[in-house]
Amino acid sequence: MFFLDGMANQMVNERIPLHILPTFVIAAQLENLRATAQRVHLTHGAVSQQIQQLEQAIGCPLFERRGRGLRLNAAGRELLAVAEPALLALQRGVGRVRRIAASRALRISVLPSFAHYWLLPRLPAFRDACADIALDIDASLAVQDLSLKGFDAAIRIGNGRWAGLHAQRIASGEAMPVASPALAQRWRTAFEQGSPLTPLLEHDVTPWRTWFQAQRQPESGRQLALFNDAGLLIRAAEQGFGVALVKTLLTRDAIAEGRLAAMAGPRRLSEDDFYLVWPQAAGLTPVVAELLGWLQQQLPGA
């Protein structure tokens with residue numbers, strides 16, 4: 001610990017003049033003070049003083065002086081090997097920051113299942129409607145602290161009440177049982193009659209018992225697997241492993257494209273709905289307002 005503290009104090013005390021590094025890199029490339037001065041729009045004397053200041057801060061010469069010319073010594077070559085790529089990376093990073101600022105970045109947190117089964121297929125439509133907004137999508141099962149993690153907004157499933165957040169409902173959280181078309185054709189009638197023959201795939205936040213209660217049927221069937229991610233649950237159903245109880249919104253495209261078939265109609269099994277949320281402290285910013293408007297257009301009456 002003492003060693004690390006000593007290193008930290010040494011770094012603070014040395015105060016390396018980082019603003020001189022661009023001049024050093026150019027001087028190292030040209031090995032000529034006058035040419036360097038012309039490139040950086042300084043006088044010959046000012047460039048010479050900057051190089052000397054850098055050498056004093058580091059504690060050793062970086063060049064061999066040969067008349068008006070310069071030549072890097074071993075220490076200078078080592079510094080150049082570090083400074084040149086670092087400055088290039090910084091320049092590129094600033095360029096990316098400027099492009100993001102110009103395009104108005106929007107950083108959002110979403111569930112992986114929502115990202116994969118609803119949002120990604122509609123990104124071309126979002127680009128067409130909001131061409132100057134650059135989306136930064138973080139797909140995670142974790143409930144992110146939006147303000148702490150720098151998110152502008154999030155799409156969540158819940159009752160609409162989250163501390164410190166404003167929530168706008170965008171879609172119903174109703175659920176429906178779905179299966180592969182082949183499995184649905186074989187077992188739909190038996191399933192509707194409450195037969196226990198069907199292998200059930202369950203999401204840990206949407207248990208099958210809630211569906212049976214809504215249907216006023218005794219809980220039956222054989223549970224094959226339990227998932228904590230609705231995306232994996234849907235994928236398993238598409239592969240024909242069993243019947244999955246999933247949020248209807250996430251299955252619409254798969255049903256329309258023939259990858260899934262509905263085993264019964266949608267049911268509202270809880271108070272949970274889809275919401276767009278954003279920090280109350282930040283308010284409804286223009287980019288979040290545009291996202292909300294686009295979502296409401298894509299999900300009319302959902």
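In helix α12, the residues Thr248, Leu249, Leu250, Thr251, Asp253 and Ala254 are buried. This helix makes a convenient entry point to the structure, which is a predicted model. The buried residues of α12 pack against several other elements, namely α6, β6 (165–171), β7 (175–179), α11, β10 and β12 (273–279). Both helices and strands are thus found among the partners of α12. Just after the helix, Gly258 adopts a positive phi of about 80°.

Asp253, one of the buried residues of α12, also takes part in a salt bridge. Its side chain meets that of Arg122, with an N to O distance of 2.9 Å. Because Asp253 belongs to helix α12 (residues 248–256) and Arg122 to the loop between α6 and α7 (123–129), this pair ties together parts of the chain that are 131 residues apart in sequence. Asp253 and Arg122 are both buried.

It helps to step back to the chain as a whole. The chain contains 13 helices and 12 strands. It has 302 residues, of which 41% count as buried. When contacts between residues at least 6 apart in sequence are considered, 74% of them join residues at least 24 apart.

The salt bridge of α12 is part of a wider set. Side chains of opposite charge can pair when their charged atoms come close. The structure holds nine salt bridges. One of them joins Asp136 to Arg107, whose closest N and O atoms are 3.5 Å apart. Asp136 sits in strand β4 (residues 134–139) and Arg107 in strand β3, so the pair links parts that are 29 residues apart in sequence. Asp136 counts as partly exposed because its relative accessibility is 38%. Arg107, with a relative accessible area of 27%, is likewise partly exposed.

A further salt bridge is formed by Arg268 and Asp273, and here the closest N and O atoms are 2.8 Å apart. The two partners differ in their surroundings: Arg268 is partly exposed at a relative accessible area of 46%, whereas Asp273 is buried at 4%. Beyond such pairs, Arg235, Glu238, Glu257 and Arg259 are joined into one network by salt bridges that share partners.

Attention now turns to the open spaces of the model. Rolling a probe the size of a water molecule over the atoms shows where empty space is left. The largest pocket has a volume of about 450 Å³. It is lined by 28 residues, and those closest to its centre are Leu111, Leu141, Ile157, His203 and Val205. By residue type, the lining of this pocket divides into 16 nonpolar, seven polar and five charged residues.

Which elements supply at least two residues each to the lining of the largest pocket? They are β3 (105–110), α6 (112–119), β5 (153–158), α11 (230–238) and β10 (243–247). Of the elements, β5 gives the most, with four residues. Two of the elements in this list, α6 and α11, were met above as packing partners of α12, and so was β10. Seen by domain, the lining of the largest pocket draws at least three residues from each of domain 2 (103–173 + 272–298) and domain 3 (175–262).

The second largest pocket holds about 180 Å³ of space. Its lining is made up of Pro22, Thr23, Val25, Ile26, Gln29, Val40, Glu84, Leu87, Leu88 and Gln91. The elements that give two or more residues to this lining are α2 (21–30) and α5 (74–103). The largest share, five residues, comes from α2. Six of the lining residues of the second largest pocket are nonpolar, three are polar and one is charged.

One last residue deserves a look of its own. Thr206 is found in the loop between β8 (199–203) and α10 (208–215). Is Thr206 buried or exposed? With a relative accessible area of 6%, Thr206 is buried, because a residue under 20% counts as such. Leaving aside residues up to four places away in sequence, Thr206 touches Ala175, Leu245, Lys247 and Leu269.

Methods. Residues are numbered from 1 along each chain as its sequence is written. This is a predicted model: local features need pLDDT of at least 70, side-chain atom pairs count only at pLDDT 80 or more; totals for chains, interfaces and linings use all residues. Side-chain values use heavy atoms; hydrogens and water are left out. Buried means under 20% relative accessible area, exposed over 50%, partly exposed in between (1.4 Å probe, protein chains only). Contact means heavy atoms within 4.5 Å. On a 1 Å grid over the protein atoms alone, a cavity is a set of points where a 1.4 Å probe fits but cannot get out, and a pocket is an open set with protein on both sides within 12 Å along at least five of seven lines; lining residues have an atom within 4 Å of a point. Grid points are joined across faces, edges and corners, and a volume is the space filled by probe spheres set on the points. Ala, Val, Leu, Ile, Met, Phe, Trp, Tyr, Cys and Pro count as nonpolar, Asp, Glu, Lys and Arg as charged, and the others, Gly among them, as polar. Domain bounds come from an automatic or database domain assignment. A salt bridge is a side-chain nitrogen of Lys or Arg within 4 Å of a carboxyl oxygen of Asp or Glu.
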